[in-house]
Amino acid sequence: MIHLMSDIELVGAPAGVEGAGFFATSLDKAVGIARANSLWPLPFATSCCGIEFMATMSPHYDLARFGAERLSFSPRQADLLMVMGTISKKMGPVLRQVYLQMAEPRWVLAMGACASSGGIFDTYSVLQGIDEIIPVDVYIPGCPPRPEAVIDGFMQIQELVKTETLRRRDTPEYQKLLASYGIL
Amino acid sequence: MQNHPVYTDNDPQNELSTLNLGPTHPATHGVFQNVLQLDGERIVSGVSTIGYIHRAFEKIAEHRPFYQITPLTDRLNYCSSPINNMGWHMTVEKLLGIQLPKRVDYLRIIIMELARISDHLICNSVLGVDTGATAGFFYLMEQRENIYEIYEEVCGSRLTTNIGRIGGFERNFNDIALRKIKKFVKEYPAVLREFETLLKRNRIFVDRTKGVAEVTAEQALSYSWSGPILRATGVDYDVRAMNPYCSYEDFDFEVPVGEKGDVYARFLVRNEEMWQSLRLIEQALTKLEKEPTDIFHADVPDFYLPPKEEVYNNMEALIYHFKIVMGEIPTPHTEVYHSVEGGNGELGFYLVNDGGRSPYRLHFRRPSFINYQMYASMSRGMLLSDAIINMSSLNVIAGELDA
Amino acid sequence: MGKITNEELLAKINAKFGDQLTVVGEPFGLLTLETTRENISGILSWLKTEPSLQFIYLTDLTGIHYPENAGKEIGVIYHLHSLVNNVRIRIKVFLDEKDIHIPTATTLWDGANWMERETYDFFGVLFDGHPDLRRILNVDDMTAFPMRKEFPLEDPNRVDKKDYFFGR
């Protein structure tokens, strides 16, 4: 017996009006789906969470299923900055520079306890959370978080990406948030 | 940014270009920086900057009791955290004079050799990725998942394991764990042989790595190198053989040694060490069958927490629990240095104790830190692509580099 | 174990440097000696080059801070290893906080370079003759030496850890 339809779920179409030869929906829904399922992450891996990210990219957990196949190490071409691992005060300016080099629309994912809040390293040399220097969209707790948790965090980013208006960068809330970090 | 010295006085005509192989770079496996001066593709000079993930482990350790330092040691060489954990436990056991039953030693050897295999497989497969062969990486990372499952069975965690306690293990290895270990030992050889067919005699890989970054034994010893990269130069210094710990003297294993110290030799030494680790695990499994199956820790009520059922029902256990957790048990006022063979070399713990429940001073002798010093002077005269491969073969783990 | 026992090792060292060092002890089988900064270079180079000993491997170089020992607050501790004879030795040198110089070991072992930089970074020990003595792990513009006992572990500028909630 030949199975005509496999059991792999593809991304469903958004709500819209369908007819013979056309499909009408709103532009931001279509763009949202396109963006969410083809995010280019920048793996900013500093320590142990980076190894768990390697395990998430590996065939066993496979983050590439969600569209994050092409890792970009250049911030100019990346959508999602995944900060994985402890950021020390020496690394802070480097992280900020990488964030500033990313073009809009950009999202930030803080993976692990160290990136979210400093983790177990409450010391003079560790930045107590990257949200002291850049705005963060999703935090993934864990030390290190399991690959399932990383995928869950990534899916939450996808939800954020899908439901964002087309030009978030012009909204007053976003402008105020960036101004509070000193980013113009 | 940081004010790091860049040699500009050797370039009056401004013909050389400066390349910042910066803290964030896909090829540097971890956060460390090399500012290189290039003449075309050839490196003229380089300056290394580290400390981008300095988390002040040694300072934290002065404020934590002994059993709370184990999670810190996890995050030194996080690719093989059980070795760090066991090394720390052995240091404290040496300080306190705790003798372990043989079964605990054999279980520790199994866990440490599994960790060594997982560390070497990352290094070798990533060396393949850096030369362009990504397939081997995906094959071997799947095996790392099998090792993670064994850790999960024993301690609950995958990567930063915090495995074991001072005096033994927190729980006995159940049947599932032993079954998984036996399955791993049976299945891994085939995968490793398949990986070897991809790279070991691959014309491209051999041309890329043979003769690159040759190091003599005298240079390596002068730079205090240790581990597989030292053994690749011809010096057979392995802490397990020279200063045996944890019953390694009862086991029969070889220490693979290379000749020229180039990147290909380091790859082969690590590969052969994985085979020797498998041999050690098999011997340990055989030896385990002769030991009674219910011992998993030493009988030291002063330092090993009693089981919770006894704490709630037995007065003596309650008192011991209180004393251990509140740190009321005096410890010797002395100093100890103990080293184990980590994935990258001699991982040493220098513990100076003042009788309390936290160390007075704890210093980690970190092999990645000491091995990496030579990198800048080694890269002089090398092509940039060779320097990248050299860096991968040194297996510098950022957590151990900066501590 | 080793081909040379600690007694033989101590006898050889005493024969050459009898009055320049004191024996601290043998904790856990590791012979521990203490000496002064004037004698340390001579002792280290003799230990490295003496054919019957050959302490060619510098295992570790680190520091320690005892604020109560007036005049001998900062210690520099060397761990050496003779691979041929399989014997280790530990040598300590104590320095006054106000005059914290000691000759460098980089002339003997290249590997001492970063180890001394780390000791300078953490304790402020100045190694005379070091080719490039600057901070290695901490930020370059830091002025204090963090591993000294008076330096706090936590960042003093944190505003979110209220003492009230932590029982301080």
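A residue here counts as buried under 20% relative accessible area, exposed over 50%, and partly exposed in between. Keep that handy, and remember that this is a predicted model.

**Exercise 1. Work out whether C:Phe28 is buried, exposed or partly exposed, and say where it sits.**

Step 1: Find it. C:Phe28 is in the loop between β1 (21-25) and β2 (31-35) of chain C.

Step 2: Check the backbone. The phi of C:Phe28 is positive, about 60 degrees, although the residue is not a glycine.

Step 3: Apply the cut-offs. C:Phe28 has 35% relative accessibility, so it counts as partly exposed.

**Exercise 2. Do the same for C:Asn86.**

Step 1: Look in the loop between β4 and β5 of chain C, where C:Asn86 lies.

Step 2: Phi is positive here too, near 50 degrees, in a residue other than glycine.

Step 3: The relative accessibility of C:Asn86 is 13%, and because buried means under 20%, this residue counts as buried.

**Exercise 3. Describe the contact between chain C and chain B, starting with its residues and area.**

Step 1: Take the residues. Chain C brings 46 and chain B brings 44.

Step 2: Take the area. About 4000 Å² is buried between the two chains, with 56% of that given by carbon and sulfur atoms.

Step 3: Look for the big contributors. C:Phe28, C:Tyr57 and C:Trp114 supply 19% of the area that chain C buries against chain B, more than any other three residues. So the loop residue from Exercise 1 turns up again.

**Exercise 4. Find what links chain C and chain B through polar groups, and which parts of chain C take part in the contact.**

Step 1: Count the salt bridges. There are five across this interface. One of them pairs C:Lys149 with B:Glu62, whose closest N and O atoms are 3.0 Å apart.

Step 2: Add the polar contacts. Between the chains, 29 residue pairs are in polar contact.

Step 3: Name the elements. On the side of chain C that touches chain B, those giving two or more residues are β3 (57-65), β4 (74-82), β5 (87-95) and α3 (112-123). The largest share, eight residues, comes from β3(C).

Step 4: Sort by class. That side of chain C has 24 nonpolar, 11 polar and 11 charged residues.

**Exercise 5. Locate two cis peptide bonds in chain A.**

Step 1: Try A:Glu104 and A:Pro105, which are joined by a cis bond with omega about -10 degrees. A:Pro105 is in the loop between α3 (92-101) and β5 (107-111) of chain A.

Step 2: Move on to A:Cys143 and A:Pro144, also joined by a cis bond with omega about -10 degrees. A:Pro144 is found in the loop between β6 and α5 (147-162) of chain A.

Conventions. Residues numbered from 1 in each chain as written. Chains lettered and ligands numbered in written order. Predicted model: local features only at pLDDT ≥ 70, side-chain atom pairs only at ≥ 80, totals over all residues. Heavy atoms only, no water. Contact = heavy atoms within 4.5 Å. Buried area = accessible area lost by both parts, 1.4 Å probe. Salt bridge = Lys/Arg side-chain N within 4 Å of Asp/Glu carboxyl O. Polar contact = N/O pair within 3.5 Å; in protein donor to acceptor, adjacent residues only side chain to side chain. Helix = DSSP H or I, 4+ residues; strand = E, 2+ residues; numbered from the N terminus. Nonpolar A, V, L, I, M, F, W, Y, C, P; charged D, E, K, R; others polar. Buried < 20%, exposed > 50% of the residue type's maximum accessible area, 1.4 Å probe, protein only.
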